[in-house]
Amino acid sequence: MAGIDTSVVIGNLRMKNPVMPASGAYDYYENNAGLFPMSDLGAIMLKSIHHDIRPGNKPPRIAETPSGMLNAIGLMGPGVDTFIEEDLPFLKQYDTKIIVNVCGHCEEDYLTVAEKLADTCADMLEINISCPNVKEGGIAFGTDPKKAEAVTAAVRKIARQPVIVKLSPNVTDIREIAKAVESGGADAVSLINTITGMKIDVRTRRFVLANRTGGLSGPAIHPVAVRMVYEAAHAVKIPVIGMGGITNAYDALEMILAGASAVAVGSATFRNPLAAAETAEGIEMYLRENEIASVRSLIGAVQE
Amino acid sequence: MFITAKALTNRIITPGFGRILLSAPQIAEQAKPGQFVMLKYWRGIDPFFMRPFSINTVDRAGGTLGILYKVVGQGTEILADLSADAEVEILGPRGNGFPLEDGMTRIAVIGRGVGAAPMRFLAEKARSMGIGVRAYISANSEEHLFDKAAYEGSGCTFTGCTDPNVKVTDFFAEDLKKMKFDAAYVCGSKRLMKAVAELSDEYDFAGYVSLEEHMACGIGACKGCAVRVNTKDGSEAYARVCKEGPVFPVKRIV
């Protein structure tokens with residue numbers, strides 16, 4: 001079947017396919033080491049950018065768990081000025097969309113970063129109001145609908161690009177938060193960020209992570225993510241970007257059927273650096289095999 | 001490079017320790033002493049992460065990589081049971097190797113137990129460049145001085161130490177009084193690393209350490225394998241063992 005259409009639309013942006021790396025999981029500009037061209041993906045989603053340099057948390061920062069991992073990296077990063085000077089110019093050469101994840105401790109931090117990115121080649125911003133691993137790492141905004149709406153509205157006013165708001169699963173009702181950021185003017189929501197977890201070494205009787213708690217990700221959280229994507233997609237009219245435990249095209253299609261317009265591959269890239277590219281390729285193959293003309297017809301198409 | 005290779009042999013050399021030989025000509029061609037590889041040799045998503053291993057031997061002509069391992073957990077238990085002709089996914093070679101320069105006349109390689117694995121590759125490379133190598137290796141017992149014959153066979157002066165009350169670097173300190181070393185390379189023990197750092201204050205040689213950390217990705221993306229590094233103003237800074245390392249100037253760490 002000719003003319004398969006894998007493109008999707010988020011905000012005013014058309015992506016050639018629905019697949020991007022999840023923020024913090026794969027810094028393509030630095031690390032894909034020529035394993036595949038970044039232009040194979042619908043977008044590049046970059047790590048969290050602060051207004052200043054972040055050293056990150058004390059080690060140990062990661063732990064393996066059944067079908068997944070805990071991390072408490074602490075948003076280690078170079079700061080927005082270095083990012084704009086050194087990383088963005090390099091990324092421009094690739095035929096794909098650039099999404100920058102923005103993090104902050106207070107509303108002003110988010111606004112500073114959004115303002116500095118306004119005149120750059122960043123195609124879209126993802127506002128991280130859900131990092132569980134740093135004090136005031138946005139999570140304070142992500143669990144309170146009023147604060148979530150306010151920070152979304154404030155960023156929306158300043159940003160020149162469409163704004164995605166990344167939601168935390170560590171809430172009682174994901175629908176309430178999704179609706180709040182939609183009211184605040186978000187162009188899309190992305191979910192789920194990691195689920196707060198803990199691991200204790202029974203031999204040493206110590207916490208495995210220096211931060212004590214960390215964010216759980218990987219296939220272990222996939223069913224939780226699918227459920228929350230489904231709930232959010234039915235609560236809001238703006239597009240949903242689904243993530244959480246996607247390792248291949250089937251996991252991604254599950255998210256799309258639940259209501260996601262696009263998907264992000266996170267932890268899976270740590271164990272298979274080709275995971276995101278293989279996911280994009282696999283979605284196209286699925287469409288061909290099932291003679292489906294457009295991936296958009298699958299968004300939210302799950303049946304009883 | 002991310003390839004699927006075949007294991008050629010895999011055997012337990014002494015209880016709890018094994019050697020696996022992999023046929024991976026492209027990686028053997030590129031690998032430098034001190035670099036590491038990420039390996040996956042099981043199906044499915046448990047264990048979740050690939051496993052990092054230092055490179056013990058490289059045979060470019062034969063296109064093989066040798067890995068020396070200790071059985072410590074889920075990943076290495078599976079490795080110990082792996083059949084000789086198994087398929088192994090390899091991501092690598094990764095990281096920065098040991099600085100080794102033409103014109104060096106003598107170096108010291110220092111390590112402990114299985115942690116000394118990358119030192120054999122370094123010593124053999126240095127010997128092929130005509131550099132004199134003195135190896136100072138400690139272990140719990142004689143049978144854990146895994147590469148003793150290989151060091152001696154390649155023309156290194158080998159000092160093994162199995163006495164828990166003696167630091168193997170004491171022998172290095174004695175030799176430093178008598179002869180000049182261009183560089184010393186250490187891995188596998190924090191205690192030995194500290195000793196090398198102290199000796200490099202007293203004597204004029206370049207000290208390098210290779211660090212090990214748990215890793216998720218091995219390519220700098222996850223930032224999980226962070227290690228605290230010294231800064232001029234004492235501010236908090238971390239480097240990634242997989243990307244900025246695994247080899248660091250010893251003064252940057254101690």
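Me: Let's start with E174(B): does it count as buried, partly exposed or exposed?
Reply: This is a predicted model, where local features need pLDDT of at least 70, side-chain atom pairs count only at pLDDT 80 or more, and totals for chains, interfaces and linings use all residues. Residues are numbered from 1 along each chain as its sequence is written, chains are lettered from A and ligands numbered from 1 in the order written, and side-chain values use heavy atoms, leaving out hydrogens and water. Buried means under 20% relative accessible area, exposed over 50%, and partly exposed in between (1.4 Å probe, protein chains only). At 42% relative accessibility, E174(B) is therefore partly exposed.

Me: Which residue forms a salt bridge with E174(B)?
Reply: A salt bridge here is a side-chain nitrogen of Lys or Arg within 4 Å of a carboxyl oxygen of Asp or Glu. E174(B) sits in helix α5 of chain B, with its partner 3 residues apart, about one turn of the helix (helices are DSSP runs of H or I, at least four residues; strands are E, at least two; both are numbered from the N terminus). The closest N and O atoms are 3.1 Å apart, and the partner is K177(B).

Me: How much area do chain B and chain A bury between them?
Reply: The contact (heavy atoms within 4.5 Å) takes 30 residues from chain B and 34 residues from chain A. Buried area is the accessible area (1.4 Å probe) that two parts lose on being put together, summed over both. Of that area, 60% is on carbon and sulfur atoms, and the total is about 2700 Å².

Me: Which residue of chain B meets E64(A) in a salt bridge?
Reply: The count between chain B and chain A is 2 salt bridges. The partner of E64(A) is found in strand β4 of chain B and is buried, with a relative accessible area of 16%. With 2.8 Å from N to O, the residue that meets E64(A) is R51(B).

Me: Why does the pair of K58(A) and E236(B) join two chains, and which chains hold the loops?
Reply: K58(A) and E236(B) form a salt bridge, their closest N and O atoms being 3.6 Å apart. The pair joins two chains because K58(A) lies in a loop between β4 and β5 of chain A, while E236(B) lies in a loop between β13 and β14 of chain B.

Me: How far apart along the chain are E89(B) and K40(B)?
Reply: Their side chains meet in a salt bridge, 4.0 Å from N to O. K40(B) is buried at 7% relative accessibility, whereas E89(B) is partly exposed at 24%. E89(B) is in strand β7 and K40(B) in strand β3, so this pair links distant parts of the chain, 49 residues apart.
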